[in-house]
Structures are given as structure tokens and as C-alpha cells.
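Me: I am new to this structure and would like a close look at one part of it, namely how its residues are buried inside. Could you take me through that part slowly, with the helices that take part in it?

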Amino acid sequence: MANPNVGQTIASTWKAVVGTSPEDNIHDDYWLFNRLSKGKAFLSVNGGRTINGPIEYAVNTTVKSYSDTETLDTTRVDVFDEYSYNWKEYGGTVVMSELERAKNQGDGQKFALLPAKLNSLNASMRKALNEGLYSDGTGNSSKDIGGLEHIVASSPSSGTVGGINRATFSFWRNQQTSGAQSSSAFDNLRSTMRSVYNDCASGVNTKQPEYFVTDQTVYQGYESLLTANEQVTSKTPEQADAGFKNSYLTFKGIPGGYDADCTSGVLYFLNTSNLKLAYQKGYWMKGFPSVDPANQTVEVFKVMTIANLISNNPRRLGAITGIT
């Protein structure tokens with residue numbers, strides 16, 4: 001017979017596995033997920049049917065030079081609106097049978113099976129979310145996260161993002177250019193990185209990209225350009241010095257990484273002000289007390305996340321596509 005308190009026991013074990021802070025359980029192999037699930041890029045939202053926020057999208061056209069008694073233009077100019085993103089749900093389960101519990105006790109225990117299963121569920125949840133962060137949102141009947149392929153698109157003049165039609169409103173389009181080679185591999189990569197970086201910035205000193213992410217092939221291609229041309233030194237040991245063993249490379253002083261889930265041949269310039277992972281308060285990797293079905297000798301533990309990737313200004317985000 002199942003232990004009547006095992007539900008709370010499993011739920012408590014889950015909390016011990018994943019920790020109280022989401023960023024405490026992020027593995028380095030999910031590079032983008034690691035950056036989005038902490039700091040100001042990780043946005044807690046308390047309730048709401050959708051994820052909404054205000055935007056300024058137009059210039060007040062009544063402003064002009066004028067003479068002493070000339071009348072000013074009193075036309076009302078609409079300059080504000082809002083974006084709206086839908087919530088997406090991710091869930092998974094762990095099933096622990098009484099037979100497994102019996103085999104995993106006493107001298108027969110090789111390792112603690114339940115914590116191992118919970119750790120596996122935790123890693124699987126992070127993997128699914130990281131994959132979603134790169135998706136176009138159409139997977140699994142559009143139940144997947146609307147990721148970078150959706151928000152920082154290869155065709156930014158089409159589609160609807162956050163409830164705003166990009167074909168109609170050009171201010172809502174991300175930056176994009178091709179990184180295809182001219183004659184040799186990656187010979188246009190550095191120049192396109194410079195142009196897209198500057199296109200994403202709102203000026204020399206404000207709102208510049210804060211990091212970039214790409215696939216391993218492009219990352220290594222960029223690294224090969226650096227080691228062939230220059231040595232970049234750094235005062236901090238975790239930053240790259242181009243060709244020497246360090247955690248990541250940099251471009252214009254910002255860190256960059258590669259991710260196995262990143263779209264092949266694409267490099268993204270991103271920042272934490274305009275790209276955020278929003279989640280419902282209390283529903284980030286939330287574990288529930290396990291239950292035992294009336295007709296099975298098992299315990300079933302559930303975990304769920306309610307979240308989505310959002311942007312409040314895609315114009316400050318960029319993609320270099322088709323890199324060869």
C-alpha cells in the first residue's frame with residue numbers, strides 16, 4: 001500500500017532538486033536559456049489572460065518651428081499602443097511504481113531512484129524550454145513557445161508578433177541580413193556582424209546588443225577568423241582571448257556562445273531589455289503533490305511551467321541568416 005504522505009515527500013524532494021531560484025538549476029549547455037532565466041531578462045508576471053505591455057511607435061508630428069503668432073498644430077497624434085503575447089504551457093510527469101520502490105530499497109539500491117527521476121524530469125523540462133526558445137511557435141499545433149525564429153525572424157516584414165502585423169507596421173520588424181559567403185567560408189561574417197550590431201543599436205552609447213548566440217559551426221567559424229587575424233585580451237578570466245581556452249568569445253566587448261538548439265546558420269544579436277522570458281508567478285517548474293491512481297500501484301508526480309518569450313521592441317534585435 002502506498003505511503004499516504006508520499007505525495008508531499010515527492011513534492012518536497014522536487015523543491016530540493018530544482019531549488020527555490022530558477023537560475024540555480026540551469027545547466028551551462030543550454031546557453032540561451034541560462035541567460036534568459038535570470039536577471040532582468042527573467043520576467044515574473046502576476047496573473048493575466050495574456051502578456052501585455054505598452055509601446056511607443058510613432059513621432060508626434062505636431063512639432064515644428066514657427067513664428068511669433070503662428071498657430072500650433074493641435075491635431076491629436078496617436079503614439080502609443082500595446083503588444084500582447086499568449087501564455088504557453090509545458091508539463092511533464094514522473095511515475096514511481098511500488099515495484100520500483102521495493103527493488104530500490106536496502107541492499108538492492110544502487111542509487112536513489114526517485115531523486116534521479118526528478119533530476120531527469122528537471123533536465124527534460126529545461127531541454128524542452130530551450131528548444132522552444134529557438135522555435136517559430138508553430139510546433140505541436142502552435143502550443144510551443146514563440147521563440148527566436150518567430151520574434152527575430154529571417155523574414156521580418158511578414159507575420160504577426162505580439163499581436164502586431166509586421167507587414168503593416170515596419171517599426172515592429174527585427175534587423176536581418178544574409179551572412180552567405182562570397183568566395184570563402186565565413187568571409188562576410190565579420191562585416192555582417194558589424195552592420196547588424198549597429199542596426200540593433202539606438203545610437204553609439206545607448207541600447208546596444210548585450211550578447212550573441214549561434215550554432216557551433218558558425219561559432220567556430222567566427223573563432224577561426226579571430227585566431228587568424230588578431231589576439232583579443234581580457235582582464236576577466238571568463239572572457240575569451242580568441243583562440244585560447246576560455247568560456248566564451250566576445251564581439252565588441254559582448255559575450256557570445258553557441259547552442260545545440262540554435263537554428264543552423266543563424267547568429268542572433270540580443271539584449272535583456274527588449275527580449276524577456278516571461279513566466280506566470282508561482283508557475284515556473286511548479287511541482288504538485290503526487291497522486292496514486294485508484295487502479296494502479298504507482299505514484300504520479302506532475303510539474304508544469306507557464307511562460308513565453310516576448311519582445312517589447314524587436315527593432316533592437318537582429319539575425320544574420322544563411323551564414324556559410
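Reply: Of the 324 residues in the protein, 43% are buried, and this figure, like everything that follows, comes from a predicted model. The mean pLDDT of the protein is 86, with 83% of the residues reaching 70 or more. One stretch calls for caution, since pLDDT stays under 50 over residues 20–28, although the model has 14 contacts for them beyond four places in sequence. Where pLDDT is low, the predicted coordinates should not be read in detail.

The protein has 8 helices and 15 strands. Among its contacts with a separation of 6 or more, 72% are between residues 24 or more positions apart. On the outside, the protein exposes about 17000 Å², of which carbon and sulfur atoms supply 47%.

As for the inside, nonpolar side chains in soluble globular proteins tend to be buried together. The largest nonpolar core here has 53 residues, and those that touch the most other members are Leu-36, Leu-148, Tyr-268, Leu-270, Leu-275 and Trp-284. Strand S14, which covers residues 298–311, gives the most to this core, with 7 residues. Apart from that core lies another, of 20 residues, and Cys-200, Phe-212, Tyr-219 and Ile-254 are among them.

Cys-200 leads to helix H7, where it is buried along with Leu-189, Thr-192, Met-193, Val-196 and Tyr-197. These residues lie on the same side of H7, because they cover an arc of only 130° around the axis. The spacing fits a general rule: an α-helix has 3.6 residues a turn, so residues three or four places apart point the same way. The length of helix H7 can be checked as well, for its 12 residues, 189–200, should span 16 Å at 1.5 Å a residue, and its end C-alpha atoms are indeed 16 Å apart.

Helix H4, residues 113–132, offers two buried residues to look at, and one of them is Lys-117. With a relative accessible area of 19%, Lys-117 is buried, because the cut-off is under 20%. Leaving aside residues up to four places away in sequence, Lys-117 touches Val-94, Val-95, Met-96 and Glu-100. Gly-132 is also found in helix H4, and with a relative accessibility of 4% Gly-132 counts as buried. Under the same exclusion of residues up to four places away, Gly-132 touches Tyr-90, Ile-145, Gly-146 and Gly-147. Gly-132 also shows how the chain brings distant positions together in space, as its C-alpha lies 8.8 Å from that of Asp-261, a residue 129 places away in sequence.

Two further residues have a backbone angle worth noting, and they can be set side by side for burial. Ser-141, in helix H5 (residues 139–142), has a positive phi of about 60° although it is not a glycine, and at 66% relative accessibility Ser-141 counts as exposed. Met-285, placed in the loop between strand S12 (275–280) and strand S13 (286–287), has a positive phi of about 50° and is not a glycine either. Met-285, however, counts as buried, at 4% relative accessibility.

Technical notes
Residues are numbered from 1 along each chain as its sequence is written. This is a predicted model: local features need pLDDT of at least 70, side-chain atom pairs count only at pLDDT 80 or more; totals for chains, interfaces and linings use all residues. Side-chain values use heavy atoms; hydrogens and water are left out. Helices (H or I, at least four residues) and strands (E, at least two) are DSSP runs, numbered from the N terminus. The expected span of a helix is 1.5 Å times one less than its number of residues. Buried means under 20% relative accessible area, exposed over 50%, partly exposed in between (1.4 Å probe, protein chains only). The arc is that of the directions from the helix axis to the C-beta atoms. Contact means heavy atoms within 4.5 Å. pLDDT is the predictor's confidence in each residue, from 0 to 100. Accessible areas come from the Shrake-Rupley method with a 1.4 Å probe; for residues, only the protein chains shown count as cover. A nonpolar core is a set of buried Ala, Val, Leu, Ile, Met, Phe, Trp, Tyr and Cys residues joined through side-chain atoms within 4.5 Å.
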